[in-house]
Amino acid sequence: MMGVTQAIYNFLVAALKKSFVQRFLQWMELLDPTNLVLSIEKIEKSRQLLLTNQDASRHDVEDQRIQEAWKRSLSTVHPDSSKLIPVPFRPAAFLPFTAPMVFLSLLSVKNLKSMILPQVSFYTYTTAFNIINGNASYNRQPYESILLGTGVIASSTFFGLLPRFLQLRFSLNNILTRKALPVVFLTQVSAVNVIASRSFEPSRGIEVMDKEGNVIGYSRKAGTKAVKDTATSRAVLFGTSAFIPEVFSYFFKRTQFFQQYPWSLWTLKLSCTILVMGLMVPVSFSIFPQTGQIQCSMLEKEIQSATQEPELFYNRGV
C-alpha cells in the first residue's frame with residue numbers, strides 16, 4: 001500500500017476513534033454535491049498535497065488546505081485502488097440518483113409493465129454503486145464484475161417486482177399488505193443486493209492490515225463481516241426511507257386538504273422521500289466506520305500465525 005492510498009488508510013484508521021456523531025458530520029461534508037463537479041486537476045493537487053504530507057492525519061488536521069484535500073480525496077478516490085471513482089457513483093451522487101427511484105418504485109400502479117423501468121433503473125444503479133464502492137483489494141477480472149452485476153440486477157428486479165405481481169394477481173386490497181409488502185421487499189432486496197453484488201469478497205477474501213498499513217493477508221471472514229455490515233446499513237437506509245413517506249401519506253389522505261387537492265399527495269410523498277433519504281444516507285453511511293476493525297483471533301489460522309497484532313483492519317467499503 002503506497003502513496004495517497006497509504007495516506008487515506010492512515011486517516012481512516014485514525015477515524016475509528018470517532019463517535020457516530022463525528023462520522024455523521026464528516027459524511028455530511030463528503031456528500032456535498034460540489035464534490036461531483038471537482039475537476040481532475042483539483043483532485044490531483046489534493047492527492048499531491050497528501051503525498052507530501054504523509055502525517056497529515058496526525059499533525060495537520062487544523063490546516064484548512066489539508067482538510068480540503070482530505071474532503072476531496074475521500075469523496076472522489078477509492079481507498080483500495082487509489083483510482084478516481086466515476087462521478088455518477090461517488091457517494092455524493094447516491095441521494096440524487098436513488099431518491100427519485102425509491103419514490104417511483106413505491107407508487108401504486110394498475111399494471112406491472114409500468115413498474116419494470118423504475119425497478120430496473122434502481123437496482124442497476126445500486127448494484128453498480130455497490131460493486132464500485134466495495135472493497136477492491138482482491139483480484140477480479142472486468143468480465144467477472146459485469147457477469148455478476150447482470151445476474152444481480154436481473155434477480156433483484158424480479159424480487160422487487162414480486163410484491164406488485166402478488167397484489168395484482170391476487171387482488172390484495174388490504175391496506176397493510178398493499179402498503180407494507182413493497183416496503184418490506186424493498187428493504188430485504190436492497191440488503192441482499194449488497195450481499196450478492198459483493199459476493200466475491202467473502203469467497204476470495206479481502207486484504208487485512210496492521211495499524212501501519214502493512215498487508216498481512218487475505219481474509220474471507222473479514223470480507224464476510226464487511227459485506228454484512230454494509231448490507232445492514234443499506235437495509236436501515238431504504239427501509240426507513242420507504243416506511244416514513246408511506247406513514248405520512250396514510251394520514252395525509254385523511255385530511256381535508258387532500259380531498260380538495262388530490263394531486264398534492266405526489267408532491268408530499270416525493271418531498272418526504274427526499275427529506276428522509278437526505279437524512280438517512282449520512283446516517284446509514286455512519287453506522288459503521290469505513291475502515292473495519294476485527295480481532296485477529298477471529299480470522300483464519302494462516303493470518304493469525306503471520307502477525308502478533310491483536311487486531312487488524314480492512315476497508316469495509318460504502
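This passage looks at one kinked helix and at three places where helices pack together.

The structure is a predicted model, in which local features need pLDDT of at least 70, side-chain atom pairs count only at pLDDT 80 or more, and totals for chains, interfaces and linings use all residues. Residues are numbered from 1 along each chain as its sequence is written, and side-chain values use heavy atoms, with hydrogens and water left out.

A good place to begin is helix H13, residues 264–286 (helices are DSSP runs of H or I with at least four residues, numbered from the N terminus). H13 has 23 residues and spans 33 Å from its first C-alpha to its last, close to the expected 33 Å (1.5 Å times one less than its number of residues). Along H13, a kink of about 25° falls at Met280, shortly before the proline Pro282; the bend is the angle between axes fitted to the seven residues ending at a residue and the seven starting there.

H13 also packs against helix H6 (residues 91–105), at an angle of about 145° and with the axes 9 Å apart. Here axes are lines fitted to C-alpha atoms over the stretch in contact, and angles run from 0 to 180 degrees between N-to-C directions. The contact (heavy atoms within 4.5 Å) includes Phe94 and Leu95 of H6 and Trp266 and Phe285 of H13. By class, this contact has twelve nonpolar, three polar and one charged residues; Ala, Val, Leu, Ile, Met, Phe, Trp, Tyr, Cys and Pro count as nonpolar, Asp, Glu, Lys and Arg as charged, and the others, Gly among them, as polar.

Helix H9 (residues 175–197) comes within 9 Å of helix H7 (residues 113–133), axis to axis, and the two cross at roughly 40°. H7 and H9 are therefore oblique to each other (angles under 35 degrees count as roughly parallel, over 145 as roughly antiparallel, 65 to 115 as roughly perpendicular and the rest as oblique). Their contact divides into six nonpolar, six polar and no charged residues.

H9 packs with helix H8 (residues 142–170) as well, at about 170° with axes 9 Å apart, which makes H8 roughly antiparallel to H9. Among the residues that meet are Phe159 and Arg164 in H8 and Arg178 and Phe185 in H9.
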